[in-house]
Amino acid sequence: MKTKKQILFPKYQRILEQLGENIKLARKRRRLTTIQVSERAGIDRSTLYEIEKGTPSVSLGAYFNTLRVLGLQDDFLKLAADDEYGRKLQDLDLIK
């Protein structure tokens, strides 16, 4: 089955690319090779390469396992944790 290409606006693509760069730097700070991280994360080395490039079609599980290998799995809990817009909407309903 052919995978569907994920299309992002350039602004959001840059965010993913920054995430990939952060993951790459974390790996290098720990002096881990791409082979070591990919084996420990249970992914192909080419998938790790795509993660470090910020490719949007890589599964969320692959991103998570890579972060887990680097000891950064708790950073996943920070995603969407501060829902400022949602709280404002909720507060508007409470005012009514």
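Which residue does the side chain of arginine 87 meet in a salt bridge? In this predicted model, the partner is aspartate 82, and the N to O distance is 2.9 Å. Arginine 87 has a relative accessible area of 40%, so this residue is partly exposed. Aspartate 82, at 58% relative accessibility, counts as exposed, because the cut-off for that class is over 50%.

This pair is a good place to start on the salt bridges, of which a search of the whole structure finds five. Another of them joins lysine 88 to glutamate 84 through their side chains, with 3.5 Å from N to O. Both of these residues belong to helix α5, which covers residues 84-95, and they sit four residues apart, or about one turn of the helix. Glutamate 84 has a relative accessibility of 44% and therefore counts as partly exposed. A further salt bridge links the side chains of aspartate 75 and lysine 78, with an N to O distance of 3.4 Å. Here aspartate 75 is partly exposed, since its relative accessible area is 34%, whereas lysine 78 reaches 60% and is classed as exposed.

Attention now turns to the way two helices meet. Helix α1 spans residues 10-29, and its axis comes within 5 Å of the axis of α3, crossing it at roughly 120°. With that angle, α1 counts as oblique to α3. On the α1 side, the contact is made by Glu17, Gly20, Glu21, Ile23, Lys24 and Arg27. On the α3 side, the residues taking part are Leu48, Ile51, Glu52 and Lys53. Sorted by character, the residues of this contact comprise three nonpolar, one polar and six charged.

Beyond helix α3 (45-53) comes a loop that leads to α4 (60-69), and threonine 55 lies in this loop. Is threonine 55 buried or exposed? Its relative accessibility is 15%, so threonine 55 counts as buried; the cut-off for this class is under 20%. The side chain of threonine 55 also makes a polar contact with the side chain of glutamate 50, at 2.6 Å. Leaving aside residues up to four places away in sequence, threonine 55 touches Leu16, Glu50 and Tyr63. Glutamate 50 thus appears both as a polar partner and among the residues touched.

The backbone offers two further points of interest. Most residues other than glycine have a negative phi. Against that background, arginine 31 can be picked out, with a positive phi near 55°. Arginine 31 is located in the loop between α1 and α2 (34-41). Its relative accessibility is 74%, so arginine 31 counts as exposed.

Where is the place of alanine 80, another residue with a positive phi? Alanine 80 is part of the loop between α4 and α5, and its phi is near 60°. At 76% relative accessibility, alanine 80 is classed as exposed. Both arginine 31 and alanine 80 are therefore loop residues by the helix assignment used here, and each has a positive phi although neither is a glycine.

Methods:
Residues numbered from 1 in each chain as written. Predicted model: local features only at pLDDT ≥ 70, side-chain atom pairs only at ≥ 80, totals over all residues. Heavy atoms only, no water. Buried < 20%, exposed > 50% of the residue type's maximum accessible area, 1.4 Å probe, protein only. Polar contact = N/O pair within 3.5 Å; in protein donor to acceptor, adjacent residues only side chain to side chain. Contact = heavy atoms within 4.5 Å. Salt bridge = Lys/Arg side-chain N within 4 Å of Asp/Glu carboxyl O. Axes fitted to C-alpha atoms, helices over the stretch in contact; angles between N-to-C directions. Parallel < 35°, antiparallel > 145°, perpendicular 65-115°, else oblique. Nonpolar A, V, L, I, M, F, W, Y, C, P; charged D, E, K, R; others polar.
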